Amino acid sequence: MKNCIRAAKAITLQEGTGLVEDFACIHNGTEILETGTWSSIKKSFSGDVTDLGDVILVPALINAHVHLELSHLEGKTLQGQGFMPWIISLLSNATYAIDETAIRNAVSSMLKTGTAFCADISTQNCSKVAELLHEAGIGFYAFCEAIGPQIPKEGASFFPDKTYPLGRLSGAGHAPYSTHADMLRAIKKADSAANRPYSIHLAENEEEDEIVAKGTGAFAQMLSGAGLLADCGKKGFSPVEYALSLGILDDSTLAIHCVRVSDNDINILAETKTNVCLCPRSNEFIGEGRAPWEKIISSGINTCLGTDSIASNHDLNMWNELEYLLKNIKIPLTTQQALSLVTKNGAKALMVENLYGSIEVGKRPVFATVPSHLEDLLFL
Ligand SMILES: [Zn+2]
C-alpha cells in the first residue's frame, strides 16, 4: 500500500539540494519510492495522503552513542564533578541490573523525539537490549562491549550471529585503558570481517591521558583495584596515537567523545578516516570539558552526535543534543552541516547510509520534523 507524506517544507539532505517547498514523498511502508513536490506528484499518485502541514520535514535522527543498559540510573550519578566521582557514583549502583521497563521507556522517548536509529553499547546485556530494540521497532546496531585486561581466546566470537529486520549486532571495545590491546584488535578484526562498524570510547578525559601515556594516576589505581586496568604500553602516547598504533582506526571505526585531542590527534583521525561521535551534553554533565568541535568538524572528519547514557545526560533527545552544540559552537554551520550531525553522518559512521540519513529513494521512510524553537538556530 502506497502512502504519500506531505509537508510544507523539507530538507531531504539529498546531495546538492536545499530547502524544498511543497514537499511530497511516496513510500510503501518499507522504502521511499519517489520524492518531489506535491504539485508534481499529485498528478499521478493515488493512495493515502498524510499531510503534516506547516512543518519542516527532515530525515529521522540517528543517536550514534547510547547505553540503554544503564537506563535505570537516571538521576543516580554525580553531575559536574569530573570523571572519577561520576564513575564511582555510577558503580555504587547495581550498574548492570537490567530494567526492561526503564529501557522500553528510554527507547520510546527516543522514537517520540524523532530518532529512528541508534547505536547502543551494552557491557553485559547486549542480546537482551537487542531484543528490546527490535520489539520497539527502532533501527539499531547493538554493540557487545568488551572491558577488562583479558586476552581473547583463539576463535572467540564477540557478538551473537543474529540479525533482526531493523537491527544487527557488532563488537565494541570499551576504551584503551580498560580493554586489553589484543582484545581491541581482535574485535576490530571480527567486526571488519563481518562488514560491521566498530566502536570505542577514545580520549574522553584527562585521567585517560595519564593512564595511556604513563600507566599512572588515581584512576589507574582504581581500575587496577577493580581488575580492569589494561596495559597501554606506557610509551607516552596520546589515546589517539595509541589507537593508531593498534591499527584500529579506519573508516569503519567510531571514536566516541574525542574531548582530549590535539591538532596531531585530529590529523590522525582525519587521515585514517575515523568517524567521531561527539557527546557534548554528556561531557558537560560529567564535567570533562568539551571536545574541540570546531577543529574536528573543520578537519573534514565525519562527525556525528550521541547522547551517551541517561546516567550522564538529562534525556536521550537528539534535538536537545544538537541545540546544545549549536548554541555553544564558535563557527557557523550551514543548515545541511548541522542536520547532518544528527542524520547523514551517523548513518555513514554506522554503515547504514543505504537505509538512513537522507530522504531519498530506496531508503527507509522514517522522518523527523524540526522543532519550531530550533528553526532560528538551524536557518541562520
Ligand atoms: Zn559511552
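**View 1. C279 and C118, two cysteines whose sulfurs sit too far from the next one for a bond.** For C279, the closest cysteine sulfur belongs to C277 and is 4.2 Å away, which is too far for a bond; a disulfide here means a pair of cysteine sulfur atoms within 2.5 Å. C118 doesn't make it either, because its closest cysteine sulfur, in C126, is 11 Å off. Both sites are buried: C279 has a relative accessible area of 0%, and C118 is at 0% as well. (Buried means under 20% relative accessible area, exposed over 50%, and partly exposed in between, using a 1.4 Å probe and protein chains only.)

A note for every view: this is a predicted model, so local features need pLDDT of at least 70 and side-chain atom pairs count only at pLDDT 80 or more, while totals for chains, interfaces and linings use all residues. Residues are numbered from 1 along each chain as its sequence is written, and side-chain values use heavy atoms, with hydrogens and water left out.

**View 2. The disulfide between C126 and C144.** Search the whole structure and you get 1 disulfide. It joins C126 to C144, with an S to S distance of 2.4 Å. The link is left-handed, at -80° about the S-S bond. It connects distant parts of the chain, 18 residues apart: C126 is in helix α4 (residues 126-136) and C144 is in strand β8. (Helices, H or I with at least four residues, and strands, E with at least two, are DSSP runs numbered from the N terminus.) Buried or exposed, what is C126? C126 counts as buried, at 7% relative accessibility, and C144 is buried too, at 13%.

**View 3. The zinc ion and its donors.** H65 (NE2), H67 (NE2), H201 (NE2) and D308 (OD) coordinate the zinc ion at 2.0 to 2.7 Å. (Donors are N, O and S atoms within 2.8 Å of the metal, or 3.2 Å for Na, K and Ca; water is not among the atoms, so sites may look incomplete.) Along the chain, the donors are spaced H-x1-H-x133-H-x106-D. H65 lies in strand β6 (residues 61-66) and H201 in strand β11, so this pair ties together parts 136 residues apart in sequence. Why is the arrangement irregular? The 4 donor atoms subtend angles of 84 to 171°. (Four donors count as tetrahedral if all angles lie between 85 and 135 degrees; four count as square planar and six as octahedral if opposite donors are over 155 degrees apart and all others between 65 and 115; anything else is irregular.) H65 is buried at 0% relative accessibility, and H201 is buried at 6%.

**View 4. Helix α5 (residues 181-193) and its two sides.** The buried residues of α5 are A181, M183, L184, I187, K188 and D191. They cover an arc of only 165° around the axis, which puts them on the same side of α5; the arc is that of the directions from the helix axis to the C-beta atoms. On the other side of α5, K189 and A193 are exposed. The buried residues pack against β8 (139-146), β10 (167-173), β11 (198-202), α8 (239-246) and β12 (253-257), where contact means heavy atoms within 4.5 Å. N195 follows α5 and has a positive phi, near 60°.

**View 5. Helix α6 (residues 206-214) and what covers it.** E207, E208, D209, I211, V212 and A213 are the buried residues of α6. Their cover includes α2 (83-91), β11, α7 (218-225) and α8. After α6 comes G215, with a positive phi near 75°.

Definitions and conventions. Expected span 1.5 Å × (residues − 1).
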